[in-house]
Number of protein chains: 2
Amino acid sequence: MSAESGGLLFGIDVGGTKIGVCLGDTTGRVLASAARPTGREAEPAPTLEWVLEQLETFRRQHASGRPIAAAGAACPGPLSYAKGAFLDPPNMPRWHHFPIREFLSKRLGMAVTIMNDANASALAEWLWGAARGADTAVYLTMSTGMGAGLIVNGRLFEGPLGLAGEIGHIRLRDDGPVGFAKRGSVEGYLSGPGVVQVARAELLACEQAGESTALAEFVRDCGGLTSEHVCKAARAGDPAAGRVMQRCATELGRLLAILTDVLNPDVFVLGTIGSAHFDLWEPIARQTLDAEAISTAARHVQVRPTGLSDRSNQSALAAAWYSIRSDS
Amino acid sequence: MSAESGGLLFGIDVGGTKIGVCLGDTTGRVLASAARPTGREAEPAPTLEWVLEQLETFRRQHASGRPIAAAGAACPGPLSYAKGAFLDPPNMPRWHHFPIREFLSKRLGMAVTIMNDANASALAEWLWGAARGADTAVYLTMSTGMGAGLIVNGRLFEGPLGLAGEIGHIRLRDDGPVGFAKRGSVEGYLSGPGVVQVARAELLACEQAGESTALAEFVRDCGGLTSEHVCKAARAGDPAAGRVMQRCATELGRLLAILTDVLNPDVFVLGTIGSAHFDLWEPIARQTLDAEAISTAARHVQVRPTGLSDRSNQSALAAAWYSIRSDS
């Protein structure tokens, strides 16, 4: 794939907590951007009216007369690619079945590509980030949920129904924490809520053993735990938090080994919590990956943090780029 | 991909127990074929002299003056695609590092495509067999070893190093039988030797429990067990053999679920022992697949036996076809 165009791109990043909008070019440069919070009660139509206003302002103020070549929206899954609509994204009840592609296409007067955010991020990493130029790469979201975007044979691979890369659903252990409504799943270990679940179990074990841990202080001072707390405590040398990281990152290594044996990728890119605390995740995951996967393929594959400076906006631009790629 | 050519194809199927050779066309029709046993001590050069003689005879007697458009060899892995050579196939010690591509290309006066046999079979199933026209399909060898060939986005996907589809190496259980030098691996459950290992453990349990089983009769009468014996006994209603099939086919279902969550395929094609006894494997594997994978993707994917009438020869023809496909 390659994209050359004198035109600019509109990008829309739809999320459960905020919606972002940007103007950019085909090199992944963001020329203007804005975002505003959404929340569970946000209605799609008025929210998208704001999006359209912003895009019109960007076009007037920042496009310098260059045409808009394409528009794209990175959206939370699950999506119906056939209908260009949301299905039932768990954190966005008002958006269920909303036909975002048709709505935006009509109002913008151009085709709009919609893409789930894992795939859009994988494409952005492949175009402009840590997987640039790879034949085969996997982007792992490691965020509120855990999914993957796959680049295979130098192309985005979404699967016949757009369901490729649903790696959060793979069961790694018969026991273990619950994620994606499944016990011992990848999402149960390797999402923000997954890490918190493992930490809560560890905290309980500490309480029973009378061991003090910084995790208990976070619960007391902040009213709850986040994966950020766990990483912070592990970094500060808290043994219980260190055990949580060891457990979760070992499962990450097992997942990477499975994906290495199946796909023989050039690059894994760790998203969100995996990028923010790459130095905590990578050494443990790498050790397990090297022990578990075919050694030639394990030696070949790179594990990297994100290479994007503005992932949300650039993912939306990548979705836009996809509609003007040369091989479609 | 598509292949249209007035020319014919030479196919060579290299195996640890026999070598096959054929002349065919781009519709997968085999016009002439021959095979002869090899065995551990077979040397590559004299064996390939026989291959070249056969091909010359086929050309003279069966080509009716049509040109030979391409030649291909399906070979046991691991292969070096860069060097066009064998690496160290376990059952063929004399062929280690033999540069088969260069040897055949020089003597035939044409480019020869080499391909590992799992990939060649996947391509043949996609061109002419049970995965015909699929966007995304997985062929599982289920033979002496366990590997997969992947069709992704309507193209063969071999991976950057040719190591994609090494699914036999995935660990399904921390305990369990050994395959691919790894305990609890897919190959430990889902190859011929894997099924035999599970059966041997079951046989031991029967002996300890004083339970009679047809498996013991096979050992006594035939001096050992094969996966064929196990399937036969299960088909005849032997409870111990039934438990072996239940255990192995359940692990097959877990594997198919992992591959469904990663690849969202249209079709799985079960090779060799999975095809020969498809009615034993499929219902159990399907039940686990449906319980374990994302339901929309699980409902979508078909599980099928091979659709090829002459898999070995047609796989070799598919390797030849690959060099004249239109998208290369």
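**View 1. The two domains of chain A sit with their centres 27 Å apart, taken over C-alpha atoms.** This is a predicted model, and this view takes chain A by itself. The domain assignment splits the chain into domain 1, covering 8-129 plus 310-322, and domain 2, covering 137-305. Where the two meet, domain 1 of chain A puts in 12 residues and domain 2 of chain A puts in 14. Which helix gives the most to the domain 1 side of that contact? Helix α3 of chain A (residues 117-128) does, with 7 residues. Sorted by class, the domain 1 side that touches domain 2 of chain A has 7 nonpolar residues, 4 polar ones and 1 charged one.

**View 2. Chains A and B meet through 28 residues of chain A and 28 residues of chain B.** Here we look at the chain A side. Three elements of chain A each supply at least two residues to the side that touches chain B: β10 (155-157), α8 (239-263) and α11 (295-300). The largest share comes from α8(A), with 4 residues. As for chemistry, the chain A side that touches chain B divides into 13 nonpolar, 8 polar and 7 charged residues.

**View 3. Helices α6 and α7 of chain A cross at roughly 140°.** The players are α6(A), residues 214-222, and α7(A), residues 227-235, and their axes come within 10 Å. That angle makes α6(A) oblique to α7(A). The crossing of the pair α6(A) and α7(A) is right-handed. Zooming in on the side chains' owners, A:Ala214, A:Leu215, A:Phe218 and A:Cys222 from α6(A) meet A:His229, A:Val230 and A:Ala233 from α7(A). How many nonpolar, polar and charged residues does this contact of α6(A) with α7(A) have? The contact has 6 nonpolar residues and 1 polar residue, with no charged ones.

**View 4. Helices α6 and α7 of chain B pack at an angle of about 140°.** Now the chain B pair: α6(B) spans residues 214-222, α7(B) spans residues 227-235, and their axes are 10 Å apart. Again the angle makes α6(B) oblique to α7(B). In passing α7(B), α6(B) makes a right-handed crossing. From α6(B), the residues B:Ala214, B:Leu215, B:Phe218 and B:Cys222 meet B:His229, B:Val230 and B:Ala233 of α7(B). The contact of α6(B) with α7(B) is made up of 6 nonpolar residues and 1 polar residue, and no charged residue takes part.

**View 5. An open five-stranded sheet of chain B runs in the order β3-β2-β1-β4-β7, with mixed pairing.** Why is one side of β3(B) and of β7(B) left without a neighbour in the sheet? Strands β3 (30-37) and β7 (112-116) of chain B stand at the edges and each has a single partner strand, so one side of each stays unpaired in the sheet. From one strand to the next, the twist averages 15°. At the β3 end, β2(B) (residues 18-24) pairs with β3(B) in the antiparallel sense over 7 bridges. For a handle on the register, B:Ile19 has B:Arg36 in β3(B) as its bridge partner. Two helices complete the view. Helix α1(B), residues 44-62, lies across β1 (8-14), β2, β3 and β4 (68-75) of chain B and runs at about 25° to β2(B). Helix α3(B), residues 117-128, also packs on the sheet, where it touches β4 and β7 of chain B, and its direction makes about 105° with that of β7(B).

**View 6. Another open sheet of chain B has 5 strands in the order β10-β9-β8-β13-β14, and its pairing is mixed.** Which strands are at the edges? They are β10 (155-157) and β14 (302-305) of chain B, each pairing on one side only. Ignoring direction, neighbouring strands of this sheet are turned by 25° against each other on average. Inside the sheet, β8(B) (residues 137-140) and β9(B) (residues 148-152) run antiparallel and are joined by 4 bridges. One residue to look for is B:Leu140, whose bridge partner in β9(B) is B:Ala148. Helix α10(B), residues 278-292, packs on the sheet and touches β13 (267-270) and β14 of chain B. The direction of α10(B) makes about 165° with that of β14(B).

Notes
Residues numbered from 1 in each chain as written. Chains lettered and ligands numbered in written order. Predicted model: local features only at pLDDT ≥ 70, side-chain atom pairs only at ≥ 80, totals over all residues. Contact = placed C-beta atoms within 7 Å. Nonpolar A, V, L, I, M, F, W, Y, C, P; charged D, E, K, R; others polar. Axes fitted to C-alpha atoms, helices over the stretch in contact; angles between N-to-C directions. Parallel < 35°, antiparallel > 145°, perpendicular 65-115°, else oblique. Left-handed = near helix turned anticlockwise from the far one by under 90°. Pairing = 2+ DSSP bridges. Domains from an automatic or database assignment.
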